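Ready for a little practice in reading backbone angles and helix packing? Open the viewer and work through the exercises below at your own pace.

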Amino acid sequence: MSVEYAIIVKNKTRLETLIERFNTRDQAKFYIERLGGNFEDYVVEHDVFHHSLEKIQKQLATTLKNKVVERTFLPNYIFSEKNVIVVIGQDGLVANTAKYSKGVPMIAVNPDVSRYDGVLLPFDSVNFIYGVESVLNNTFNYKTMRFAEASLNDGQKILAFNDLFIGSSSHVSARYKISYNNLTEEHSSSGVLISTQAGSTGWLSSVFNMAYGVAGLFEKNIKLKRPKLKDDDLIFTVREPFQSIKTQIGLTAGLFKGQNSLVIESLMPNNGVIFSDGIENDFLKFNSGTIATIGLANETAKLVMNDGSNKI
């Protein structure tokens with residue numbers, strides 16, 4: 001079936017969010033500058049983003065009908081095989097969109113190459129059109145991106161492009177049992193982070209930064225190493241595990257493949273949650289009696305590659 005619509009997925013800029021909060025641009029400026037912040041940086045970021053968005057819309061208008069969908073509407077938006085998705089924003093927006101893409105090709109655009117690293121953003125606002133044309137001609141190359149999945153014993157599940165977080169909704173210790181490699185422990189920690197290959201450069205990297213930073217206080221010349229995950233690898237890390245008479249710290253990290261490899265049972269009477277890709281308001285409850293089985297999902301996402309780039 002031929003592509004009929006390009007769906008442009010975007011997020012609000014920091015400036016737009018500030019204006020929503022303070023009602024006017026002037027009030028937002030007053031608030032930021034009164035606290036010693038650089039309001040001009042918000043303005044520049046906003047202007048560059050919308051300049052890129054306008055360029056994308058103008059180029060698409062000569063090739064394909066298009067419409068814009070805000071990130072907040074993604075959970076309720078249904079993509080079809082008649083669509084091609086153009087994501088414009090930061091890497092996190094690609095992750096958020098991928099979960100709902102249903103295998104529809106995604107063209108990820110970096111709107112500000114001087115500001116964003118763009119690990120998952122192989123295109124810019126000029127060359128993205130070649131990606132669109134390759135999809136229309138069915139000649140596009142793409143990378144299949146795998147999801148992590150948490151399946152609950154009540155039938156619910158949640159997907160993650162980058163990472164899953166399992167723990168408490170507040171800054172109190174999470175209590176749970178964790179089973180891995182035929183071993184089981186009871187934990188009290190700040191929660192468990194499960195990362196995919198795509199997510200290994202995000203939240204997981206900050207965990208490694210912290211671990212090496214603390215170790216560096218006591219051991220000199222420690223060289224920071226980061227894991228290199230394969231497509232079907234998942235890695236879990238336990239954040240701030242606490243050892244006590246009742247709780248252990250033997251299962252604090254592990255690498256696993258496939259499905260049904262990591263099982264976590266909640267011991268929290270309330271406020272237990274599982275959320276993915278940093279979206280805290282899109283979560284599953286994880287309270288006492290709930291068991292989560294973590295593995296790779298059957299669903300995948302198609303991230304269109306830029307043949308002239310070394311990215312992705």
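Here are three short exercises on this predicted model, each with a worked solution.

**Exercise 1.** Locate Asn182 and decide whether Asn182 is buried or exposed.

*Solution.* Start with the backbone: the phi of Asn182 is positive, about 65°, although this residue is not a glycine. Next, place Asn182 along the chain: it sits in the loop that links strand E8 (174–180) to strand E9 (183–189). Finally, check the surface. The cut-off for exposed is over 50% relative accessible area. Asn182 has 83% relative accessibility, so it counts as exposed.

**Exercise 2.** Do the same for Asp277: find which strands flank its loop, then settle whether it is buried or exposed.

*Solution.* Asp277 also is not a glycine, yet its phi is positive at about 55°. Its loop runs between strand E14 (272–276) and strand E15 (283–285). For the last step, recall that buried means under 20% relative accessible area. With 12% relative accessibility, Asp277 therefore counts as buried.

**Exercise 3.** Describe how helix H1 packs with helix H3: what is the angle, and which residues meet?

*Solution.* First take the geometry: H1 (residues 14–22) and H3 (residues 39–61) pack at about 120°, and their axes are 8 Å apart. That angle makes H1 oblique to H3. Now list the contact. From H1 come Arg14, Leu15, Glu16 and Leu18, and they meet Phe39, Asp41, Tyr42, Val43, Glu45, His46 and His50 of H3. Sorting the residues of this contact by character gives 5 nonpolar, 2 polar and 4 charged.

Note on methods. Residues are numbered from 1 along each chain as its sequence is written. This is a predicted model: local features need pLDDT of at least 70, side-chain atom pairs count only at pLDDT 80 or more; totals for chains, interfaces and linings use all residues. Side-chain values use heavy atoms; hydrogens and water are left out. Helices (H or I, at least four residues) and strands (E, at least two) are DSSP runs, numbered from the N terminus. Buried means under 20% relative accessible area, exposed over 50%, partly exposed in between (1.4 Å probe, protein chains only). Axes are lines fitted to C-alpha atoms, for helices over the stretch in contact, and angles run from 0 to 180 degrees between N-to-C directions. Angles under 35 degrees count as roughly parallel, over 145 as roughly antiparallel, 65 to 115 as roughly perpendicular and the rest as oblique. Contact means heavy atoms within 4.5 Å. Ala, Val, Leu, Ile, Met, Phe, Trp, Tyr, Cys and Pro count as nonpolar, Asp, Glu, Lys and Arg as charged, and the others, Gly among them, as polar.
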